[in-house]
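Please find below a note on the model, arranged as numbered points for discussion. The sequence and structure come first.

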Amino acid sequence: MKILTYPHPTLRRVSKPVRRVDKELHDMVGQMFELMYASNGIGLAANQVDLPLRLFVVNTMADPEEGEELVFINPIVSRPKGSEEKEEGCLSLPSLYATVKRPEQVHVHAYNLAGEEIKAEINGMLARVVQHELDHLDGVMFIDRLSETRLADVRDAVEQFEEDFHSRREVGEFGGDQEIAARLDEIEKRYC
Ligand code: CO
């Protein structure tokens, strides 16, 4: 398992609800936390590691010894309140940071790996990361949410990611779109 970088096509795929949780999925979620910590991240969505499933992991302390490890399966966000601008980054766009405007408080409904319901009003950093990760599940990257001027500020960096991806693809690193889609279809058959 590894973290995909923009503009890998799996990052644009709308993820499917999870209907089945097995030991292998538990193991994959564990690996997602490990990858997230290794990159100093606070959240990671399943499609960032090539799994087209509606789930993401969060630890706002970015440290396995601190904070709380949260797994959100089939999350729904509602009741947005307020608005706040904060700098965000993304493990699929390493070293790129930009200010994103989002609601400062939301309600989240989801399930954890044990199938228990999560229902909470969240705000601050947790609300921001949950909204950022939920976007991933819908194929949305945080650069899609930038104002025109802020996008212009990072355009060169974004284009560099696109060039790198295309040259790695030319040497066969990722396979074609159909090959990727076929692999994701198989994962969906198993879990959705
Ligand atoms: Co991200």
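In which strand does Ile73 lie? The points below begin with that residue.

1. Basis and starting residue. This is a predicted model, in which local features need pLDDT of at least 70 and side-chain atom pairs count only at pLDDT 80 or more, whereas totals for chains, interfaces and linings use all residues. Residues are numbered from 1 along each chain as its sequence is written, and side-chain values use heavy atoms, with hydrogens and water left out. Ile73 lies in strand E3; helices (H or I, at least four residues) and strands (E, at least two) are DSSP runs numbered from the N terminus. With a relative accessible area of 3%, Ile73 is buried (buried means under 20% relative accessible area, exposed over 50% and partly exposed in between, with a 1.4 Å probe and protein chains only).

2. Surroundings of Ile73. Not counting residues up to four places away in sequence, Ile73 touches Val18, Val21, Arg54, Leu55, Ala110, Tyr111, Asn112 and Leu113; contact means heavy atoms within 4.5 Å. The C-alpha atoms of Ile73 and Thr149 are separated by 34 Å, the two residues being 76 apart along the chain.

3. The sheet. Five strands, in the order E1-E2-E3-E6-E7, form an open sheet with antiparallel pairing; two strands pair if DSSP finds at least two bridges between them. Strand E1 (43–45) and E7 stand at the edges with a single partner strand each, so one side of each has no neighbour in the sheet. From one strand to the next the twist averages 40° (axes are lines fitted to C-alpha atoms, for helices over the stretch in contact, and angles run from 0 to 180 degrees between N-to-C directions). At one edge, E1 is joined to strand E2 (residues 55–58) by three bridges, and Ala45 has Phe56 in E2 as its bridge partner. Helix H1 (residues 23–38) lies across E1, E2 and E3 and runs at about 45° to E2.

4. Strand E6. Five of the seven residues of E6 (residues 105–111) are buried, so this strand is largely enclosed by the rest of the structure. Five bridges join E6 to the antiparallel strand E3 (residues 70–81), with Val108 in E6 as the bridge partner of Val77. To strand E7 (residues 117–123), also antiparallel to it, E6 is joined by seven bridges; Gln105 stands opposite Asn123 in E7. The hairpin of E6 and E7 has five residues between the strands, and there Gly115 takes a positive phi near 85°.

5. Cobalt site. Which residues are the protein donors of the cobalt ion? They are Cys90 (SG), His132 (NE2) and His136 (NE2), lying 2.0 to 2.2 Å from the ion. Donors are N, O and S atoms within 2.8 Å of the metal (3.2 Å for Na, K and Ca); water is not among the atoms, so sites may look incomplete. The sequence spacing of the donor residues is C-x41-H-x3-H. Because His132 and His136 are four residues apart in helix H2 (residues 124–137), about one helical turn separates them. His132 counts as buried at 7% relative accessibility, and His136 is buried at 0%.

6. The Glu88 and Arg128 pair. Glu88 is found in strand E4 (residues 84–88), while Arg128 has its place in helix H2. Glu88 is buried at a relative accessible area of 5%, and Arg128 counts as buried at 8%. Their side chains make a polar contact of 2.7 Å (a pair of N or O atoms within 3.5 Å; within protein, one must be able to donate a hydrogen and the other to accept it, and residues adjacent in sequence count only if both atoms are side-chain atoms). Beyond its neighbours within four places in sequence, Glu88 has contacts that include Tyr97, Phe142 and the cobalt donor His132. On the same basis, Arg128 is in contact with residues including Glu84, Glu85 and Val100.

7. Nonpolar cores. The largest nonpolar core has 26 residues, and Leu44, Leu53, Leu55 and Val57 have the most contacts inside it (a core is a set of buried Ala, Val, Leu, Ile, Met, Phe, Trp, Tyr and Cys residues joined through side-chain atoms within 4.5 Å). At least two of its residues come from each of H1, E2, E3 and helix H4 (177–191), and H1 supplies the largest share, seven residues. Another core, of 14 residues, lies apart from this one and has Leu11, Val100, Ile143 and Val158 among its members.
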